[in-house]
Amino acid sequence: MTAPRTLVVRLDSAGDVLLAGPAVRAVAAGSSHTALLCGPLGEQAARLLPGVDEVLVHDAPWVGLEPSPVSREDTRALLTALSAGRYDRALVLVSHHQSPLPVALLLKLGGVRWTAADSEDYPGALLDLRHRRLPRRHEAEAALDLARDAGFPLPPGDSGTLRVCDPPDTTHLTGQEPYVVLHPGSAVPARSWSAGRAARAVAALTTAGHRVVVTGGTGEKDLTARVAGDHALDLGGATDLPHLAGVLARASVAVVGNTGPAHLAAAVGTPVACLFAPVVPAERWRPYGIPHVLLGDQHAPCAGSRARRCPVPGHPCLDAVTDSAVLDAVTALGGGPDTAAAPAGAAAAGRAPGTERGASV
């Protein structure tokens, strides 16, 4: 029997696409061709995933913090691409609070023969496999569960951790000396430190003997400049996602909130001191498959609120994390001031999966 042409759908952010990586590899192992349909924010991450033969991009009007308007032209373009792809099967990956049915309808209209997804809503004829997500399941594990039950188990020897293709050498950006990455930004402000608190952490890390590299996107240059100050190397706006992967791969530890770079660090094997605001549950979104420490009050009043901006004055769940807690986490994760930097791409090979510390500090 000929292996199917399979489409995996993950329409959210770069971090969500990275968490889909193990399921994508499982699909690729059992398919003759594997395509990934993602949103614009996930495109760079999609192109980093092993096993992806083709990337389709659609700005879905039911996804994202600022969803695009409904467009007949964009919808027709997607249907045309789906029809041209001649996909036999599709897996729609969504978070526990999302519905797969809008895109499942478009997949049917685009000629996809068989579709599977987790769905709490009655799917009618839109899904051929209505899968039930296990409670309290991490996003990466839930995606793997769906892939397995759709007939795509992980291949032998694949541990199921996050992974990206080998990132570029970024020593021209960072220099050769060991360093800790601090990534202060987030698309959701509730999930990151305030700028002033992040700047104080950089100063404390530097005083303790660490060399600190501050990273951020092109729209975060003012933030990274303030946070880096006179203490750290400021790489704000200097890296696209592949080069950020290279910077993270050489870091001894990454200090970052619950955002895409935390999952990118996990994908290159770098331990994460994760500033985790409990607005979403850590059991579903914590760094996956690598040593990590959760920093932040997981029982704060904002817990489970899915708030985008902290509803509590002073952002205490994260800004109250002490410098000593940050330093202890970095040290516990192997980020001593004298830690030697590993060659780019080597971090994942040298660290065993499944050794998550997961302690809340």
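**Helix α6, a cavity and the cysteines**

Reader: Which residue follows α6 with a positive phi?
Author: Helix α6 covers residues 139-149, helices being DSSP runs of H or I with at least four residues and strands being runs of E with at least two, numbered from the N terminus. The residue that follows α6 with a positive phi, near 100°, is G151.

Reader: What is the mean pLDDT of the protein?
Author: This is a predicted model, in which local features need pLDDT (the predictor's confidence in each residue, from 0 to 100) of at least 70, side-chain atom pairs count only at pLDDT 80 or more, and totals for chains, interfaces and linings use all residues. Residues are numbered from 1 along each chain as its sequence is written, while side-chain values use heavy atoms, with hydrogens and water left out. Of the residues, 93% reach 70 or more, and the mean pLDDT is 91.

Reader: Which stretch has a pLDDT below 50?
Author: Where pLDDT is low, the predicted coordinates should not be read in detail. That caution applies to a stretch with 56 contacts (heavy atoms within 4.5 Å) in the model beyond near neighbours in sequence, whose pLDDT is below 50: residues 340-361.

Reader: How many of the 11 residues of helix α6 are buried?
Author: Buried means under 20% relative accessible area, exposed over 50% and partly exposed in between, with a 1.4 Å probe and protein chains only. Among the buried residues of α6 are A140, L144 and A147. Helix α6 is largely enclosed by the rest of the structure because its buried residues number eight.

Reader: Which element gives the largest share of the lining of the largest cavity?
Author: A cavity is a set of points, on a 1 Å grid over the protein atoms alone, where a 1.4 Å probe fits but cannot get out, and its lining residues have an atom within 4 Å of a point. The lining of the largest cavity includes R10, D118 and R133, together with E139, A142, A143 and L146. Its largest share, four residues, comes from α6.

Reader: Why does C302 have no disulfide, and which cysteine has the closest sulfur?
Author: A disulfide is a pair of cysteine sulfur atoms within 2.5 Å, and the structure holds zero of them. C302 is buried, with a relative accessible area of 2%, whereas C310 counts as partly exposed at 24%. The sulfur of C302 is 4.1 Å from the closest cysteine sulfur and therefore too far for a bond, that closest sulfur being in C317.

Definitions and conventions
1 Å grid on protein atoms, 1.4 Å probe; cavity = no way out; pocket = protein on both sides within 12 Å on 5 of 7 lines; lining within 4 Å.
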